[in-house]
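User: Please walk me through the strand pairing and the charged contacts here. Keep the answers short.

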Amino acid sequence: MDAPVSPRIAFLASTVEAAQQARATLAARYGDHSPEEADVICPLGGDGFMLQTLHRHGGKGKPVFGMKLGTVGFLMNHHREDDLIERLALAEPAHLRPLEMIALTESGTTTGSLAYNDVSMLRQTRQAAHIGIDLNGQQRVEELICDGVLVSTPAGSTAYNYSAHGPILPLGSNTIALTPLAPYRPRRWRGAILKAETEVRFRVLDPYKRPVSVTADSHETRDVVEVTIRESRERQVTLLFDPEHNLEERILSEQFMV
């Protein structure tokens, strides 16, 4: 059997010392290329660093094989220095589309960002937020009184969304989760599972008395009055996983943890 062809790999590391040391060792063993020249991008760190990598290099169209050298590594593979070329050859792909967020602020400025995990709105003061929710231009919730509300991708549904008692979404389900955060009114509303192509618009009903911020992954915008969210039609990233540790199985397993 022929040996796997060695791909050009770009090793990227978080600031954690263990990740920096692993990068030096792996680069010396397998070579190192820039993300622009590489066939595969290999971030070393936790999920936070994986998200940074996707935001920075996701538009290059390169598959990403992460290895865990951080606190949380749901989107990462186990760190091993041996057999990396063989692992890449056998890796299973998971295709992810981020959310596109456009936020309008009190000052009239507009900001945009992508979110591979979720877009979350949060109250900025001690007072609860009052938020209206429209789906595809139709009002669905006249007034949600809450700490906040979020929209999550399937990949992000096991993170903040799950902690807020939102649903876990299977990969490839073409759905997104709409989940309230500590809702007061409507008291029994638990959110909704929506088709991925649904346009979600949040309207802040009292932005001066009850200011609200929005965060797309780690990018925060404060004092927003309106936020529009939809799944990206142009951007798609491919994450690679070891067959015995693939993302679809991990998302499924999360639903049976007690």
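**Charged contacts and sheets**

Analyst: This is a predicted model. Start with R29: its relative accessibility is 46%, and R29 counts as partly exposed.

User: Which residue forms a salt bridge with R29?

Analyst: The closest N and O atoms of the pair are 2.9 Å apart, and a salt bridge needs them within 4 Å. R29 lies in helix α1 (residues 17-30), while its partner lies in the loop between β3 (67-68) and α3 (84-90), so the contact ties together parts 53 residues apart in sequence. The partner has 43% relative accessibility and counts as partly exposed. The residue is D82.

User: How many salt bridges does the model have?

Analyst: The cut-off is a side-chain nitrogen of Lys or Arg within 4 Å of a carboxyl oxygen of Asp or Glu. The pair D82 and R29 meets it. By this rule the count comes to 11.

User: What is the distance between the closest N and O atoms of R123 and D147?

Analyst: R123 lies in strand β7 (residues 118-123) and D147 in the loop between β9 and β10 (148-152), so their salt bridge ties together parts 24 residues apart in sequence. R123 is partly exposed at 29% relative accessible area. D147 is partly exposed too, at 28%. The closest N and O atoms are apart by 2.7 Å.

User: Which residues are joined into one network by salt bridges that share partners?

Analyst: Take the pair R201 and E226, with the closest N and O atoms 3.3 Å apart. R201 lies in strand β13 (residues 200-204) and E226 in strand β16 (residues 224-231), so this pair ties together parts 25 residues apart in sequence. E226 counts as partly exposed, at 28% relative accessibility. Through shared partners, the network takes in E199, R201, E226 and R230.

User: In the open sheet that contains β16, which strands stand at the edges?

Analyst: Six strands form this open sheet with antiparallel pairing, in the order β6-β5-β16-β13-β8-β9. An edge strand has a single partner, so one of its sides is left without a neighbour in the sheet. The edge strands are β6 (110-115) and β9 (138-146).

User: What is the average twist from one strand to the next in that sheet?

Analyst: The sheet is open and antiparallel, with six strands. Its twist from one strand to the next averages 20 degrees.

User: Which residue in β6 stands opposite M101?

Analyst: Strand β5 (residues 99-105) pairs with β6 in the antiparallel sense. Six bridges hold that pairing. Opposite M101 stands S113.

User: In the open sheet that contains β7, which strands stand at the edges?

Analyst: The order is β12-β11-β10-β7-β14-β15, again with antiparallel pairing. Neighbouring strands are turned against each other by 15 degrees on average, direction ignored. Each edge strand has a single partner, so one side is left without a neighbour in the sheet. Those strands are β12 (192-195) and β15 (219-221).

User: Which residue in β15 is the bridge partner of T215?

Analyst: Strand β14 (residues 212-216) and β15 run antiparallel. Three bridges join them. The bridge partner of T215 is E220.

User: How many disulfides are there?

Analyst: A disulfide needs two cysteine sulfur atoms within 2.5 Å. C42 is buried, with a relative accessible area of 2%. C146 is buried as well, at 1%. By the distance rule, the disulfide count comes to zero.

Note on methods. Residues are numbered from 1 along each chain as its sequence is written. This is a predicted model: local features need pLDDT of at least 70, side-chain atom pairs count only at pLDDT 80 or more; totals for chains, interfaces and linings use all residues. Side-chain values use heavy atoms; hydrogens and water are left out. Two strands pair if DSSP finds at least two bridges between them. Helices (H or I, at least four residues) and strands (E, at least two) are DSSP runs, numbered from the N terminus. Axes are lines fitted to C-alpha atoms, for helices over the stretch in contact, and angles run from 0 to 180 degrees between N-to-C directions. Buried means under 20% relative accessible area, exposed over 50%, partly exposed in between (1.4 Å probe, protein chains only).
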